[in-house]
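Some labels need a reason behind them. Here is a short round of questions on how such labels are earned.

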Amino acid sequence: MLLCFSLFAQSPASLDKEKLFDLYQSQKYGDAAAYLKSVYGDDNNDFKVITQIGYCYSMSGNTAEAEKLYTKANLLQPQSIPVLFSLASVSSRRGKTEKAKSYYEEIIKLDSNNFTAYKQLAGLHPEAFSIQKLKLLRLANKLNPTDADIAFDISDMYMKMNMFGLVDSIIKPALVVDSTNIQ
């Protein structure tokens, strides 16, 4: 939503902000994308407009169109972490796991302290145990030791490896923050 509102300041006179806001409020993202395209046209090269329409397509479930627009945005601003996250998400939703992994890896190259990229990348490894998955989980846990999902996943792997002493040190920080977490 923040991305959507940032465009209002640069909107052409023909954009009906109230209509667009109503489409967002009613979660008619497909209609919002169509409306924005009717205002800005198909060949627009404005980064913010392209990402806003891509967001609308993504939210409406039209991941093919979202991917096209986010790819175009990535060409305009190649090191935009939000665009790379969007491309990774859309790729993952479209079953393009390797492509999604490459976008998360690109994010990590740009920001080696990006907890979310490590967490999402670890989640793209479907196997119960792999050295790469363990490495990603450990990095994510180091960046955010209170995240319950990561603490659970890494502890589960350590338990399967009979490394019970490490489990306690991983679980404690997460339990301090959320002592009612059933996992």
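What follows sets values from this predicted model against their cut-offs.

Q: Why is Ala73 called buried?
A: Its relative accessible area is 0%. Buried means under 20%, so Ala73 qualifies. Ala73 sits in helix α5, residues 63-76. Leaving out residues up to four places away in sequence, it touches Phe47, Ile50, Thr51 and Val83.

Q: Why is Ser130 called buried?
A: Ser130 has a relative accessible area of 14%. The cut-off is under 20%, so the label holds. Ser130 belongs to the loop between α8 (115-123) and α9 (131-143). Not counting residues up to four places away in sequence, Ser130 touches His125 and Met157.

Q: What makes the pair of Ser130 and Lys133 a polar contact?
A: A polar atom of the Ser130 side chain lies 3.0 Å from the backbone nitrogen of Lys133. The limit is within 3.5 Å, so the distance fits.

Q: Why is Leu166 called partly exposed?
A: The relative accessible area of Leu166 is 34%. Buried is under 20% and exposed is over 50%, so Leu166 falls in between. Leu166 lies in helix α11, residues 164-177.

Q: What makes Leu166 fit for a nonpolar patch on the surface?
A: Patch residues need over 30% relative accessible area, and Leu166 has 34%. Its patch partners are Phe129, Ile131, Met161 and Met163. Together the five have about 430 Å² of accessible area.

Q: How do you know that Ile53 is buried?
A: Ile53 is among the residues with the most contacts inside the largest nonpolar core, which has 49 residues. Such a core is a set of buried residues, so Ile53 is buried.

Technical notes
Residues numbered from 1 in each chain as written. Predicted model: local features only at pLDDT ≥ 70, side-chain atom pairs only at ≥ 80, totals over all residues. Heavy atoms only, no water. Patch = residues over 30% accessible without salt bridge, like charges linked within 9 Å, V, L, I, M, F, W, Y side chains within 5 Å. Areas by Shrake-Rupley, 256 points an atom, 1.4 Å probe, with all protein chains shown as cover. Salt bridge = Lys/Arg side-chain N within 4 Å of Asp/Glu carboxyl O. Helix = DSSP H or I, 4+ residues; strand = E, 2+ residues; numbered from the N terminus. Buried < 20%, exposed > 50% of the residue type's maximum accessible area, 1.4 Å probe, protein only. Core = buried A, V, L, I, M, F, W, Y, C linked by side-chain atoms within 4.5 Å. Polar contact = N/O pair within 3.5 Å; in protein donor to acceptor, adjacent residues only side chain to side chain. Contact = heavy atoms within 4.5 Å.
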